[in-house]
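Biologist: I'm new to this one, so could you take me through it slowly? I'd like a close look at one spot to begin with, and then whatever else helps me find my way around.

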Amino acid sequence: MSILSTEQLGHSFNDNWLFTDLYFGINKGERVALVGINGTGKSTLLKILSGMLAPGIGKVVTERDLRVGYLDQDPKFNHQETISDFIYSIGNSRQQLIRQYEEAVNQSVTNDKLLNRLMDELSSENAWEYEYEIKTILGRLGIQRLDQKISTLSGGQRKRLALAKLLIDDPDIYLLDEPTNHLDIETIEWLENCMTTGQKSVILVTHDRYFLDNVSTRIIELDRGKLQNFNGNYSYYLERKAEQSAAEDATFSKNVNMLKKELEWMRRQPKARTTKSKSRIDAFYDLEDKTKGRQVKSNLELSVNVARQGNKILELHNVSKGFNGHTVMEDFSYIFKKGDRIGVAGKNGTGKSTLLNIITGAIKPDSGSVVVGETTAFGYYAQGGLEFKGDERVIDVVKNVAEYITMADGKNLTASQVLTHFLFPPAKQYGLVSKLSGGEKKRLQLMRVLMQNPNYMILDEPTNDLDIDTLNVLEEFLVNFPGILMLVSHDRYLIDRLTDQLFIFEGDGKVTIYSGNYTDYRLEQDDIKKPIKITPGKAENKPNEPIRQNKKLTFKEEKEAQEIENRIKILEGELLALTEQLNSGITNHEQLSEIATAIQVKKEDIDDKTLRWLELTD
């Protein structure tokens with residue numbers, strides 16, 4: 001049964017309908033991802049579901065007393081002054097008790113009587129575990145000074161604060177709009193674990209494809225005002241969409257060819273004749289409607305002709321840098337070579353952006369030297385945002401850099417052609433920059449960098465506020481980019497695909513160079529952290545002493561292993577039957593949800609039994 005659903009939902013802006021007649025629901029424990037290009041209304045739909053925005057038509061139906069938690073892209077704080085004011089809700093007695101305790105602990109003069117009373121009350125309220133959870137969440141999200149004024153926080157800190165409050169309150173359903181923005185990779189992985197633990201109900205919008213894949217159990221695509229449902233994670237959605245697009249393109253091409261023939265027939269018929277087949281005429285107009293306004297998508301591969309690069313590109317010799325007594329980089333050296341594709345990773349505040357600013361000369365190192373080759377031409381996409389005049393048009397911002405860009409094959413693309421490839425249609429190109437959304441301004445800023453034809457590309461968090469379609473275009477461009485690439489990003493998929501070497505900022509000035517992508521690095525780190533099992537009471541084998549064989553299984557263990565093996569075969573058969581049922585064309589979303597849940601349970605059961613079987617037979 002749905003805990004939240006919509007009925008005939010619709011909404012419009014300036015007489016332009018974003019969507020109409022939407023029906024969908026979410027069951028308890030489901031994790032649903034909304035996908036679609038910018039401007040389709042994903043964020044608007046989340047606002048309506050949260051109750052922050054009234055729909056134009058239709059309604060949202062929720063289970064009685066359902067607690068809805070909403071994370072906005074641009075959080076609001078309702079005039080609360082400090083972090084503590086926002087975190088600890090006035091109406092929540094346990095939170096207020098924890099706040100009093102934390103404030104008492106941090107007093108310069110300890111009031112033992114007050115502390116003892118508060119500790120007794122925390123014990124009677126069973127609030128110690130809750131207090132630990134709050135501390136863990138705040139620590140993970142880098143929130144330490146609870147007395148800090150909210151007005152002094154950066155955009156990223158405000159987003160992390162809003163996320164912390166949501167996790168502390170633990171609502172019945174989470175509505176998350178770009179939850180991974182401004183989080184480092186380790187924190188994103190921790191958030192994934194939070195969202196997939198404890199049967200949470202989630203509806204989310206995110207550009208992070210690994211997060212989508214690991215968290216979502218169902219994908220809902222919002223396209224041209226309509227919803228399409230895909231039961232599975234993001235990888236499953238991509239497979240089905242590829243099949244669907246191929247089928248649609250084939251049908252479209254067939255319809256176009258048929259339309260040409262029918263158009264000739266229509267033109268040949270004498271206008272005065274009324275005996276012309278009415279059914280064939282109706283079929284012609286129906287075919288015309290089907291082909292109107294649609295074209296088979298074509299892929300344009302951008303491979304730019306970058307400036308010539310000499311043998312000396314960039315050298316860092318014993319570079320150190322610190323701020324306010326805190327060292328972010330110490331004695332770091334690296335000589336860049338042709339073909340380097342480097343990802344820069346590490347927790348927030350460890351110095352990733354500082355390195356980029358040192359490389360480009362924006363700031364000077366405290367010690368050491370930076371030697372830039374004569375032919376090195378930087379293209380730097382910084383986090384700061386796009387600078388423009390209020391009356392500038394989109395195409396002018398790009399033309400101010402270059403009228404055209406030269407491809408590797410010698411062809412020239414105009415500024416307008418490149419803008420079109422990066423999802424700025426002609427109508428948008430001649431509009432004012434001030435009218436663009438935040439994501440579109442980021443995209444335009446990226447265009448300015450690419451139009452400079454750099455041979456050393458530096459991208460600092462390019463994925464924030466960009467939709468997945470734009471990211472795909474960016475990736476294809478960067479895959480073919482022949483120069484040096486340095487990428488700072490919390491998007492693990494992007495780092496994995498585009499880089500083959502990492503600079504890992506570990507804190508306290510330490511920077512480690514790792515050969516491989518981020519997934520390789522994390523797998524290696526997990527192997528290092530695995531505890532070594534030592535059997536109590538047994539001495540280590542001496543160098544020349546043969547290793548003893550594992551003891552033989554008892555009769556009971558052999559029987560258990562055989563029973564597990566038989567049970568796994570049965571479960572795999574049941575899983576296959578459920579999978580076939582899921583793909584049989586069922587349209588009832590509640591029935592589909594039940595099947596998907598059953599599939600997940602079967603998979604987990606198989607995994608558990610396989611693990612036990614391996615333990616017995618190892």
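In which strand is the place of T6?

Modeller: T6 belongs to strand β1, which covers residues 2-13. A quick word before we go on: this is a predicted model, where local features need pLDDT of at least 70 and side-chain atom pairs count only at pLDDT 80 or more, while totals for chains, interfaces and linings use all residues. Residues are numbered from 1 along each chain as its sequence is written, and side-chain values use heavy atoms, with hydrogens and water left out. As for names, helices (H or I, at least four residues) and strands (E, at least two) are DSSP runs, numbered from the N terminus.

Back to your spot. T6 has a relative accessible area of 3%, so it counts as buried (under 20%; exposed is over 50%, partly exposed in between, with a 1.4 Å probe and protein chains only). A polar atom of its side chain lies 3.0 Å from the backbone oxygen of L22. Besides L22, T6 touches Y23, F24, L49, K59 and V60, leaving aside its neighbours within four places in sequence; contact here means heavy atoms within 4.5 Å.

Now for a sheet elsewhere in the chain. Six strands make an open sheet with mixed pairing, in the order β5-β6-β7-β3-β8-β9; two strands pair if DSSP finds at least two bridges between them. At the edges stand β5 (68-71) and β9 (226-230), each with a single partner strand, so one side of each has no neighbour in the sheet. From one strand to the next, the twist averages 15° (axes are lines fitted to C-alpha atoms, and angles run from 0 to 180 degrees between N-to-C directions).

Zoom in on β7, residues 201-205, where five of the five residues are buried. On one side you have S201, I203 and V205, on the other V202 and L204, and both faces are covered. Its parallel partners are β6 (residues 173-177), over five bridges, and β3 (residues 31-35), over three. I203 is a handy landmark: L175 stands opposite it, and V32 has it as bridge partner too. Further along the sheet, β8 (residues 218-223) and β9 run antiparallel, joined by five bridges, with I220 partnered by N229.

Finally, some aromatic rings. The whole structure has 13 aromatic pairs: rings of Phe, Tyr and Trp (its six-membered ring) pair if their centres lie within 6.5 Å, and planes under 30 degrees apart count as stacked, over 60 as edge-to-face and the rest as tilted. One of them is Y101 with W128, edge-to-face at 5.3 Å centre to centre and 85° between the planes. Y101 sits in helix α3 (residues 93-105) and W128 in helix α5 (residues 128-140), so the pair ties together parts 27 residues apart in sequence. Y101 is buried at 13% relative accessibility, whereas W128 is partly exposed at 30%. Y334 and F503 are edge-to-face as well, with centres 5.1 Å apart and planes at 70°. That pair links strand β11 (residues 326-335), home of Y334, to strand β19 (residues 501-507), home of F503, 169 residues apart. Y334 is buried at 9% and F503 at 0%. Both belong to one aromatic cluster with F332, F336, F378 and Y456.

Technical notes:
A polar contact is a pair of N or O atoms within 3.5 Å; within protein, one must be able to donate a hydrogen and the other to accept it, and residues adjacent in sequence count only if both atoms are side-chain atoms.
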